[in-house]
Amino acid sequence: MSIVVVSDLSKVYPVAVKEPGLKGTLSHFFRRTYRSIEAVKQVSFEIQPGEVVGFLGANGAGKTTTLKMLTGLIHPSAGKVRVADHIPFRRKPAFLQQITLVMGQKQQLIWDLPALDSLKINAAIYGISDKDYRQRIGELTEMLSLQGKLNQAVRKLSLGERMKCELMAALLHRPKVLFLDEPTLGLDVNAQVAVREFLREYNQRYGATILLTSHYMADITALCQRVLVIHKGQLIYDGGLDDLINTFAPYREVQVELAHPMSETELSFYGEIEAVEGLSVRFCVQREALTRTVAKILAELEVLDLSVTDPPVEEIIGRVFSTGVGS
Ligand code: ATP
């Protein structure tokens, strides 16, 4: 049974419109006019227990709004949402025990206190027994390599260490469903990898379900087999990461190592040239022409090596974000 069920979920934000100048301010004061922003439009998807799903979209696409509806922080304007068999907006304790929300740009730990103090507060809020508390702190400290860091004031920790402590605080009650909004935002590459590895291990060890947004495609490719892509509030893709490439990238890159140098004019006969470096040539070839083009290159040119690759996933996603479609 699905642990997250979203159907026709929409969110409209009313935004007060104010004309500039004194006249505008006065009329805004007495008679406000509003316009609507449709942040999320009839989005539907389901997530199975234990799945790790990437949630992709450009800035302002509606990711955070969706996550807020999934965690019950805001009420949907229309549609249905169920998480772990609860209606999030009711924010029942039994629901809150099963979920967590981590926002990379917001922190819950108290800045001037050691992380351990905030963790103790969380343990009290969630009614975690002393035994479980000690056992979980030990386990998470080891998984996150935070030995010796929990007694230090949070403000003295590095950004990466702080994020790890944030994750610890968010996971102390052992939630089943993790909503992670940019958990690696601003971290250096090592810390990003550490957080990513931790999430993978956490998912495997506890079978937790994870819905993750990240601007770093490396997070998504490392963790998620399935992705949801949202564009201007609408879900435009739900499927495997591999198929995303097939859906949105109608071309492949063909890398050829030539035995002898050739001019670009001669090479252009075989396809659209992306780059030429000495004897290495990279062509961009439409998918439907791939077999024909490769056969022609192999038959007519003296080739030392030939490989066909997908374009980098960042490039594809960038194109989807800027246009909403793949081509
Ligand atoms: P980002 O990656 O930049 O965080 P996002 O995909 O999370 O973007 P949202 O924060 O969900 O996007 O915003 C979606 C749209 O709704 C944007 O146009 C944003 O300006 C608007 N919006 C978000 N919150 C509010 C609000 N409280 N009131 C009015 N408009 C809002």
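Mentor: Helices (H or I, at least four residues) and strands (E, at least two) are DSSP runs, numbered from the N terminus. Keep in mind that we're looking at a predicted model, where local features need pLDDT of at least 70, side-chain atom pairs count only at pLDDT 80 or more, and totals for chains, interfaces and linings use all residues. Residues are numbered from 1 along each chain as its sequence is written, and side-chain values use heavy atoms, with hydrogens and water left out.

Trainee: OK, how many helices and strands does the chain have?

Mentor: The chain comes to 12 helices and 13 strands. Its C-alpha trace spans about 75 × 60 × 45 Å along the principal axes.

Trainee: Where does A84 sit, then?

Mentor: In the loop between β4 (78–83) and α3. D85 lies in that loop between β4 and α3 too.

Trainee: Why is A84 called buried?

Mentor: Buried means under 20% relative accessible area, exposed over 50%, and partly exposed in between (1.4 Å probe, protein chains only). A84 has 10%, which is under 20%, so "buried" applies.

Trainee: And what is odd about the phi of A84?

Mentor: A84 isn't a glycine, yet its phi is positive, about 50°. D85, not a glycine either, has a positive phi of about 65°.

Trainee: Why is K156 called exposed?

Mentor: K156 has 56% relative accessibility, and the cut-off is over 50%, so it counts as exposed. K156 is in the loop between α5 and α6.

Trainee: What makes Q147 partly exposed?

Mentor: Its 49% falls between the 20% and 50% limits, so "partly exposed" is the label. Q147 lies in the loop between α5 (130–143) and α6.

Trainee: What does Q147 touch, if we skip residues up to four places away in sequence?

Mentor: T141 and E142. Here "touch" is a contact, meaning heavy atoms within 4.5 Å.

Trainee: What about Q97: why is it called partly exposed?

Mentor: Q97 has a relative accessible area of 33%, so it too lands in the in-between class. You'll find Q97 in the loop between α3 (93–96) and β5 (99–103). Leaving out residues up to four places away in sequence, Q97 touches Y126, H173 and P175.

Trainee: How do you know that Q97 and Y126 make a polar contact?

Mentor: A polar contact is a pair of N or O atoms within 3.5 Å; within protein, one must be able to donate a hydrogen and the other to accept it, and residues adjacent in sequence count only if both atoms are side-chain atoms. The side chain of Q97 reaches the backbone oxygen of Y126 at 3.1 Å, which is within 3.5 Å.

Trainee: On to the ligand. What puts a residue such as H215 in its shell?

Mentor: A residue is near a molecule or strand if one of its heavy atoms lies within 4 Å of it. The residues surrounding the ligand include Y13, N59, K63 and H215.

Trainee: What makes T64 a polar partner of the ligand?

Mentor: A polar side-chain atom of T64 lies 2.5 Å from a ligand oxygen, against the limit of 3.5 Å. From the backbone, G62 has a polar atom 2.8 Å from a ligand oxygen, and an N or O atom of A61 is 3.1 Å from one. Taken alone, the ligand exposes 630 Å², of which the protein buries 62%; accessible areas come from the Shrake-Rupley method with a 1.4 Å probe, and for residues only the protein chains shown count as cover.

Trainee: Which element gives the largest share of the shell around the ligand?

Mentor: α2, with 3 residues.

Trainee: Last one: what makes a set of residues a nonpolar core?

Mentor: The members are buried Ala, Val, Leu, Ile, Met, Phe, Trp, Tyr and Cys residues, joined through side-chain atoms within 4.5 Å. The largest such core has 54 residues, and those with the most contacts inside it are L119, L150, F198 and L244. Helix α6 (residues 159–171) supplies the largest share of this core, 7 residues. Apart from it lies another core, of 26 residues, with V4, V53, I99 and L228 among them.
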